[in-house]
Amino acid sequence: MNLMESIRSGWQAILANRLRSVLTTLGIMIGVAAVIVLVAFGQGARNAVTGSIESLGTNLITIFPGTGPGADPSLPVKDLTIEDAVALNDPISAPDVAGAAPTKRAPVTCTLGSTSHSTSITGTWPGYFAISNSAVDAGTYFTNADELDGRRVVVIGKTVAEDMFGEADPIGQQINCNGVPFAVLGVLAPKGASGFGDQDDVIIAPLSTVRNHLTGYGSLDTIAVQAKSSQTQSLAQDQAVAILDQRHGVDITTRDFQVFNQASLLDTVNQAIGIFTALLGAVAAISLLVGGIGITNIMLVSVTERTREIGIRKAIGASRRVILMQFLIEAIVLSLIGAFFGLVIAFLVTQIEVAGIKPTIIPLSVVGAFGISVGIGLFFGSWPANRAASLRPIEALRHE
Amino acid sequence: MTQGTPVLDLVDIRKIYGAGDAEVRALDGVSLTVNTGDFVAIMGASGSGKSTLMNIIGALDVATTGEYHLDGIDINSLDEDALSIVRNRKIGFIFQSFNLIPRTSALANVELPLAYRGVRRGERRERAQAALAAVGLADRMHHRPNELSGGQQQRVAVARALVAQPSLLLADEPTGNLDSHATADVLSLLDAMHAEGRTIVMITHEDDVAAHAQRVVTLRDGRVSDDRRNR
């Protein structure tokens, strides 16, 4: 009896008890679907977060003033200054830095006629647009001349534009933010919402203007640094840290600024999502386990019910191995059918977008689901199959 | 009839269940030789040990003591896998309750012994079809057991027993569940097979069924009490 015939005979046994087979495969089906769907949602969440982190700017390194968590609170903290930002733009001591731009933020309420909009305004250098991956869709960027002269000009995000101007063209219009009039130079291309809030709800203005009119001349909020490529990101970070260490007269123990890079942020977020996905997957795997126990249960019933049939088969020459194979294959075919329909369901369910997350089925979970199903069939079918194989023919034949 | 090597050679077979006071001697020293082409009926009241003897002859059970050679093979020395090969190649069973595999067509039932032997699908199908035709069921091949009458089911069982060309046909009360018409059908099949030179051992408790055999062995309390030839 070769494998194909064992499969055929297992298939016949499954067809002979259709309702029972369907109910049995249901457990595996739900388990497989749950695992694939939940892992797909995890992957979807990862993609969404990765996408939004990347839209913050490519190869971005952000420097904040202040000591890190757990540091001695009595350590002196120097401000981040414009001079720091200038030093980071030095191509000799920081060859892998593409650019650095200081930022200073202030919460503002801007008005246009009777409409008002509350958001924050970011004062920075023109280089910030490239560093933060912010492209102007309509109008123009502000320039170094605007920064040098402290002109009251802004580039606004899509959300601000729609909220304040509606369908009207904002370019060249004037808005008042906290009482200071600004001319709108350009509107940024939309980035979309993300886990970090609405990235289009921004107003960007020259740093000197913002400091002059809104925030005063305290410490900068951040210096945004862009590495030349993702490969040189850690080099660029090391160079930036060395420059600031030297300028602030600190070392690793007394450092008065903190550095975050996109890669480590991505790592952290991916790790968190990975743990989350693994947990979800584990919960789903429990239903797969329950489905497997369902298979054991039904196969035991099947063996008991077919004791006589096993006796007949043994009487006409079936060996232990043949009987074992027959029941094992039956169990595996059952779980594979379950896995197949589970996969179909998973494909259907993952077409649905939930909370802005588009689930992404990863091929590994499909392959894994099938592999695990065969494993479940083998594992949970082996006990009943063994029981069938070791039945003594005369006793099995006598069974009613 | 020429008497070649015996198909069946039982020497002082004992089958003892339990021990001590609870000891039951189902077979208490049975010796029996059956030659090729013989048609032997084994008779006896219930409890005489004929079912136990049938199980031992059929290699479904192993004797406690004694020697059993089937076609020259020492059955008592075989392990379970070897016994299943012996059952497959040397013995064709016909049971009282037909014992067809349910929900499986007559053809598939008849093919089964060949499948266990490893015969290829095409050849298997041909041989099974021929065997079914030989028992007059050419038009019932794709029926399932529950779609066949008792007599038809037993004829499928006969075809299944025959298809593998066994050395010995072993029939256990083959007509016990059949009406007189079907009984006549099955007995005439057995007669025809005997005429072809097959060796048949049939267990029965009915005299008129036993009358079809050449030789009648009667068991009583686990021993052979009578062994005579008909005609």
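**Entry 1. Terms and model**

I count a residue as buried if 20 or more other C-beta atoms lie within 10 Å of its own. I note that the model in hand is predicted.

With that cut-off I looked up helix α3 of chain B and listed as buried Ala106(B), Leu107(B), Ala108(B), Asn109(B), Val110(B), Glu111(B), Leu112(B), Pro113(B), Leu114(B), Ala115(B) and Tyr116(B). The helix, residues 106–117, is mostly covered, with 11 of its 12 residues buried.

I then asked which elements the buried residues of α3(B) pack against. I found α1 and α11 on chain A, and α2 (80–90), α4 (121–134) and α5 (150–163) on chain B. After α3(B) comes Gly118(B), whose phi is positive, near 95 degrees.

**Entry 2. Confidence in chain A**

I recorded a mean pLDDT of 84 for chain A, where 96% of the residues reach 70 or more. Within this chain I found the lowest confidence in strand β8 (residues 193–194), with a mean of 56. The highest is in strand β5 (residues 153–156), at 92.

**Entry 3. Nonpolar cores**

I looked up the largest nonpolar core and found that it has 123 residues. Val32(A), Ile36(A), Ala159(B) and Val201(B) have the most contacts inside it. Helix α2 (residues 18–55) of chain A supplies the largest share of this core, 15 residues.

I noted a second core, separate from this one, with 47 residues, among them Ala101(A), Phe142(A), Val184(A) and Ala227(A).

I returned to Val201(B) and asked which residues it is in contact with, leaving aside neighbours within four places in sequence. Its partners are Leu8(B), Val34(B), Val40(B), Ile42(B), Ile57(B), Leu168(B) and Leu170(B).

**Entry 4. Where the chains meet**

I found 16 residues of chain A in contact with 21 residues of chain B. On the chain A side, the elements giving two or more residues are α1 (3–16), α10 (307–315), α11 (320–349) and α13 (393–398). Of these, α10(A) gives the most, with 4 residues. By class, I recorded 9 nonpolar, 3 polar and 4 charged residues on this side.

**Entry 5. Overview of chain B**

I recorded 7 helices and 10 strands in the secondary structure of chain B. Of its 231 residues, 48% count as buried. Among contacts in chain B with a separation of 6 or more, 69% join residues 24 or more positions apart.

**Entry 6. The sheet of 6 strands in chain B**

I traced an open sheet of 6 strands in the order β6-β7-β8-β3-β9-β10, with mixed pairing. I asked why one side of β6 (91–94) and of β10 (223–229) is left without a neighbour in the sheet. Both strands stand at the edges and have a single partner strand each, so one side of each has no neighbour there. On average, neighbouring strands of this sheet are turned by 20 degrees against each other, direction ignored.

I looked up one pair within the sheet: strands β3 (residues 39–43) and β9 (residues 215–220) of chain B run in the parallel sense and pair over 4 bridges. Ile42(B) has Val217(B) as its bridge partner in β9(B).

I found helix α6 (residues 180–195) of chain B packed on the sheet, where it touches β3, β7 (168–172) and β8 (199–203). The direction of α6(B) makes about 150 degrees with that of β8(B).

**Entry 7. The sheet of 4 strands in chain B**

I traced an open sheet of 4 strands in the order β2-β1-β4-β5, with antiparallel pairing. Here β2 (24–35) and β5 (73–74) stand at the edges with a single partner strand each, so one side of each is left without a neighbour in the sheet.

Strand β1 (residues 6–17) and strand β4 (residues 65–70) of chain B run antiparallel and are joined by 5 bridges. I noted Thr65(B) as the bridge partner of Arg14(B) in β4(B).

**Entry 8. Positive phi in loops of chain B**

I looked up Phe98(B), whose phi is near 65 degrees, a positive value in a residue other than glycine. Phe98(B) lies in the loop between β6 and α3 of chain B. I asked whether Phe98(B) is buried or exposed. It counts as buried because it has 23 C-beta neighbours inside 10 Å.

For Glu173(B), also a residue other than glycine, I recorded a positive phi near 45 degrees. Glu173(B) is found in the loop between β7 and α6 of chain B. With 20 other C-beta atoms within 10 Å, Glu173(B) is buried.

Note on methods: Residues are numbered from 1 along each chain as its sequence is written. Chains are lettered from A and ligands numbered from 1 in the order in which they are written. This is a predicted model: local features need pLDDT of at least 70, side-chain atom pairs count only at pLDDT 80 or more; totals for chains, interfaces and linings use all residues. pLDDT is the predictor's confidence in each residue, from 0 to 100. A nonpolar core is a set of buried Ala, Val, Leu, Ile, Met, Phe, Trp, Tyr and Cys residues joined through C-beta atoms within 7 Å. Two residues are in contact if their C-beta atoms, placed from the backbone, lie within 7 Å. Ala, Val, Leu, Ile, Met, Phe, Trp, Tyr, Cys and Pro count as nonpolar, Asp, Glu, Lys and Arg as charged, and the others, Gly among them, as polar. Two strands pair if DSSP finds at least two bridges between them. Axes are lines fitted to C-alpha atoms, for helices over the stretch in contact, and angles run from 0 to 180 degrees between N-to-C directions.
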